[in-house]
Amino acid sequence: MKIKSKELKKRAKQKLQGNYGLCVGAQLIVGAIMTIIFMMVFFASLIGGILGSGSIYGTSGNITEYIIIIAVVLVAMILMVVLISLFTPGTLKIYLNISESKPAHISDLLYGFKNKPHKFIGLSLIIFLLVMVWSIPYYVVLAVAEITNYIPVMIVLLIITYLLLLIGVTITSLYLAQAGFIFVEAPDKGVFRCLKESIEMMKGNKGSLFYINLSFMGLVLLGYCSFGIAYLWIMPYMYATLTEYYNELKPKMILEPEVYLCDSSYESLKKQEF
């Protein structure tokens with residue numbers, strides 16, 4: 001990609017003028033919902049610990065209580081993952097509309113709920129699994145290291161596999177970074193096709209996206225120092241910049257929209273739906 005990150009950030013700031021209120025409001029809504037679910041998980045775990053330890057007079061841990069608490073925690077965690085999978089497309093829709101000077105509304109947050117929600121959940125799950133594949137060698141070595149009491153050779157292997165994990169996750173995330181944007185703009189596309197198109201778009205562009213993400217580290221640290229308050233302005237800036245980045249890459253796919261379809265027949269198209 002020829003355009004510099006400085007220019008993308010400049011565009012992002014221009015597009016956000018007059019739209020910061022909408023972006024901050026959307027972020028607050030999603031954040032509040034996620035916080036409520038997180039608190040459910042936290043208090044369920046806390047109550048489970050108290051009941052299990054018998055700290056409350058007249059209570060003692062039993063298998064039924066443990067099963068109930070575990071079930072509550074699992075349900076809350078699954079709900080959190082599902083909501084993140086569905087709110088993310090809505091967030092991207094808002095920024096795509098802003099980037100293209102189209103009307104953007106807080107109701108756009110529900111875009112993922114209204115347009116093929118099962119596909120958006122499936123996309124998130126597949127990306128998560130692809131990223132997690134890189135952790136397998138590390139956890140295998142970690143288990144062996146625990147058994148062998150962390151002998152020197154296992155410590156070295158732990159370091160190597162951890163570095164492999166970091167590199168693998170980073171590269172995979174960069175390759176799949178545009179899948180969400182692609183899917184939001186064309187929810188009728190198949191999940192795997194969106195992933196393939198993202199990979200195609202990122203060929204030769206991973207370094208530029210990595211640099212853009214790295215350039216936000218100072219702002220991320222500032223957000224931590226402000227106890228998260230600054231994120232209300234930082235996150236819209238980051239989202240808007242990444243949206244501008246996607247729009248720079250998009251013409252490449254528009255020129256060859258069917259680059260992955262070997263067979264354009266109706267039956268072939270149906271197979272690519274998921």
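Tutor: Let's start with a cut-off: buried means under 20% relative accessible area, exposed means over 50%, and partly exposed is in between, using a 1.4 Å probe and protein chains only. A quick word on the model: it is predicted, so local features need pLDDT of at least 70 and side-chain atom pairs pLDDT 80 or more, while totals for chains, interfaces and linings use all residues. Residues are numbered from 1 along each chain as its sequence is written, and side-chain values use heavy atoms, with hydrogens and water left out.

Student: OK, why is K250 called buried?

Tutor: Its relative accessibility is 17%. The limit is under 20%, so K250 counts as buried.

Student: And what makes the link between K250 and E100 a salt bridge?

Tutor: A salt bridge needs a side-chain nitrogen of Lys or Arg within 4 Å of a carboxyl oxygen of Asp or Glu. Here the closest N and O atoms are 3.3 Å apart, so the pair fits. K250 sits in helix 12 (residues 231–255), E100 in the loop between helix 3 (63–99) and helix 4 (111–114), so the bridge ties together parts 150 residues apart in sequence. Helices here are DSSP runs (H or I, at least four residues), as strands are (E, at least two), numbered from the N terminus.

Student: How do you class E100: buried, partly exposed or exposed?

Tutor: With 28%, E100 falls between the two limits, so it is partly exposed. E100 and K250 also belong to a network of salt bridges with K102 and E185.

Student: How many salt bridges are there in the whole structure?

Tutor: A full search finds 10. One of them joins D188 and K116, with the closest N and O atoms 2.7 Å apart. Those partners come from distant parts of the chain, 72 residues apart: D188 is in the loop between helix 8 (179–185) and helix 9 (191–202), and K116 in the loop between helix 4 and helix 5 (117–132).

Student: Why is D188 given the label it has?

Tutor: D188 reaches 52%, over the 50% limit, so we say exposed. K116, at 29%, is partly exposed.

Student: What about E197, buried or exposed?

Tutor: E197 is buried, since 2% is under 20%. E197 still pairs with K189, the closest N and O atoms being 2.8 Å apart.

Student: What makes I155 fit for a surface patch?

Tutor: Patches take residues with over 30% relative accessible area and no salt bridge, joining like charges within 9 Å and nonpolar side chains (Val, Leu, Ile, Met, Phe, Trp, Tyr) within 5 Å. I155 has 39%, so it passes the area limit. I155 lies in helix 7 (residues 152–175), and its nonpolar patch also includes Y150, I159 and Y162. Together the patch members have about 730 Å² of accessible area, by the Shrake-Rupley method with a 1.4 Å probe, where for residues only the protein chains shown count as cover.

Student: Which residues touch the most other members of the largest nonpolar core?

Tutor: L195 and Y245, in a core of 51 residues. Helix 3 gives the most to this core, with 10 residues. What makes it a core is that buried Ala, Val, Leu, Ile, Met, Phe, Trp, Tyr and Cys residues are joined through side-chain atoms within 4.5 Å.
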